[in-house]
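Work through the two exercises below with the sequence and the structure open. Each task is followed by a solution in steps.

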Amino acid sequence: IFLVTAITLRAQTIPYLQRQGTATQLIVEGKPFLMRGGELGNSSASSLAYMEPIWPKLEAMHLNTVLAPVYWDLIEPEEGKFDFSLVDGLLKDARAHDMKLVLLWFGTWKNSMSCYAPLWVKRDLKRFPRAKSAEGVSQEILTPFDDRNRDADVRAFQQLMRHLKEQDGQDHTVVMVQVENEIGMLPSARDHCAAATKAYRQPVPAELMRYLTQHKKELIPELQQHWQANGGKTSGTWEEVFGKSLATDELFMAWHYARYVEAVTAAGKAEYPLPMYLNAALPREGKQPGEYPSAGPLPHLLDVWRAGTPSIDFLSPDFYNPRFQYWNDLYTRSGNPLFIPEIRFETGDEAKAFYAVGHYDALGFSPFSIESTDHPAEEPLGKSYDVLDQLAPQILAKQGSDQLDGVLLDKDALEQQITMGGYVFTVKHDFTLGWSPGAQEEQWPLAGGLILQTGPDDFIVAGTGLVVTFAPVKGNDLIGIGRIDEGEYIDGKWTPGRNLNGDQSHQGRHLRIPVGDFGIQ
Ligand code: N0T
């Protein structure tokens with residue numbers, strides 16, 4: 001009886017984050033959960049009928065998680081009168097298709113703007129004041145420098161989380177919540193409304209100064225430099241402590257956005273404490289604050305957001321520019337777990353998914369506008385997700401350890417080495433084999449995969465477009481291939497297909513998963 005009770009209680013715990021070695025994992029129903037996700041186009045979830053033909057597509061691509069917006073204007077059409085029919089419909093349909101949901105709170109800010117604020121907010125410029133540009137022009141952006149804006153969002157988000165607890169507190173269909181969407185100030189680095197300028201002339205808040213002082217040794221270098229370049233003062237106005245610059249404007253703005261978001265998040269978590277995170281639009285190179293959506297949860301502001309939003313669990317990048325490794329490296333500093341809530345849905349995602357999960361221990365991966373394909377069964381992403389689905393128990397068991405790693409290869413980065421279990425694995429792009437059919441092509445698809453150690457001399461290689469050779473860590477002893485089997489995990493059980501030898505292993509020289517194949521060996 002005790003055992004049964006313990007299991008029942010365990011199954012009823014709300015999803016939460018848990019450290020495993022150097023990784024952070026999402027625990028759902030007591031077990032780690034790898035999100036094979038996709039984000040819906042912004043307006044799709046506003047109609048359950050529109051969603052109907054989408055669900056089978058998501059299933060065909062082997063998703064287990066859908067990122068779907070909840071729209072403030074639609075759930076609170078009149079102040080204080082809530083309509084959760086869309087949310088309830090989404091919960092019901094997600095359950096029917098065996099999908100988990102990550103809900104995106106399109107509240108005060110959506111890609112900088114306040115387009116999802118209800119009409120009763122939009123219309124009342126007096127009660128709900130807007131941010132202003134440096135030229136004093138009002139923007140369709142609710143200013144974070146007014147408690148009435150914040151409190152309106154707080155009340156709505158609170159109701160949403162209370163409703164989720166009531167409707168989903170047992171089922172746990174919703175596993176995480178994103179608070180707001182791509183917060184960022186435009187077209188100036190900071191808000192210039194009167195309240196903002198007043199706040200700007202105040203001393204830097206003690207909470208931020210305390211955080212910076214206490215974490216002085218492990219601050220991200222960009223912030224450290226910005227602070228130290230001006231003498232590293234521990235009190236004074238924003239200009240006294242950080243100097244007068246666009247970067248200081250941005251830092252100031254980030255702090256105030258963060259405080260607003262913290263109030264919203266904390267109020268929501270007090271109702272129903274699901275893991276909550278923020279996402280950011282990544283700036284293009286060479287842009288100054290104000291020219292890109294500024295002051296959002298960007299890597300150079302990581303510590304400011306950490307200090308300002310203790311209730312937020314992690315910060316996440318949205319990928320619409322090509323520097324995948326660069327931004328992931330920046331986002332995984334000082335223990336920030338990686339989750340990719342958005343990435344342009346395009347060729348190459350199928351390789352990046354393996355890399356994110358294997359190399360960065362990502363919580364999940366989620367291309368944007370996931371329903372936009374007409375051929376879901378042929379999508380390469382779906383083939384990766386199928387492999388990740390089969391391997392999830394093994395991957396999740398190894399995340400955070402040195403028995404799992406990932407690779408990402410293209411024409412500019414043809415090979416990568418991984419040291420694991422006393423061996424060096426050299427992983428090359430399949431097209432580096434001159435006889436590979438695509439080797440002569442101008443464009444090479446991305447190749448990617450992961451390696452996982454299952455025993456002293458046993459490894460799993462999974463992915464697409466890879467050729468792997470083996471060497472000892474030291475010396476020049478001969479390291480050979482004992483045996484290679486391809487196969488599948490069916491209901492968690494390894495089911496071998498061919499034994500790969502002869503030409504398939506280049507007479508024992510390498511392991512290969514050709515471009516176009518998605519395999520487990
Ligand atoms: C994303 C999506 C959606 C180098 C864009 C990306 C989504 C939002 N914003 O379709 O609107 O809701 O989070 C902004 C990145 C701009 C492209 C930069 C090109």
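**Exercise 1: the domain interface**

The domain assignment divides the chain of this predicted model into domain 1 (10-189 + 252-400) and domain 2 (405-520). Describe how domain 1 and domain 2 meet.

Solution.

Step 1. Start with the distance: the C-alpha centres of domain 1 and domain 2 lie 34 Å apart. The contact involves 21 residues of domain 1 and 22 residues of domain 2.

Step 2. Next, take the area. About 1,700 Å² is buried between domain 1 and domain 2, with 73% of it from carbon and sulfur atoms.

Step 3. Then look for polar links. Between domain 1 and domain 2 there are zero salt bridges, while four residue pairs are in polar contact.

Step 4. Now assign the domain 1 side to its elements. Helices H14 (324-331), H15 (349-359) and H16 (380-398) each give two or more residues to the side that touches domain 2. H16 supplies the largest share, 10 residues.

Step 5. Finally, sort the residues on this side of domain 1: 10 are nonpolar, seven polar and four charged.

**Exercise 2: the ligand site**

Which residues are around the ligand, and which side chains have an N or O atom within 3.5 Å of a ligand oxygen atom?

Solution.

Step 1. List the surroundings: Asn42, Lys110, Asn111, Asn181, Glu182, Arg284, Asp318, Tyr320, Glu342 and Phe368.

Step 2. Apply the cut-off of 3.5 Å. Among the side chains that meet it are Asn42, with an N or O atom 3.0 Å from a ligand oxygen, and Asn111, also at 3.0 Å. For Glu342 the distance to a ligand oxygen is 2.6 Å.

Notes. Residues are numbered from 1 along each chain as its sequence is written. This is a predicted model: local features need pLDDT of at least 70, side-chain atom pairs count only at pLDDT 80 or more; totals for chains, interfaces and linings use all residues. Side-chain values use heavy atoms; hydrogens and water are left out. Domain bounds come from an automatic or database domain assignment. Contact means heavy atoms within 4.5 Å. Buried area is the accessible area (1.4 Å probe) that two parts lose on being put together, summed over both. A salt bridge is a side-chain nitrogen of Lys or Arg within 4 Å of a carboxyl oxygen of Asp or Glu. A polar contact is a pair of N or O atoms within 3.5 Å; within protein, one must be able to donate a hydrogen and the other to accept it, and residues adjacent in sequence count only if both atoms are side-chain atoms. Helices (H or I, at least four residues) and strands (E, at least two) are DSSP runs, numbered from the N terminus. Ala, Val, Leu, Ile, Met, Phe, Trp, Tyr, Cys and Pro count as nonpolar, Asp, Glu, Lys and Arg as charged, and the others, Gly among them, as polar.
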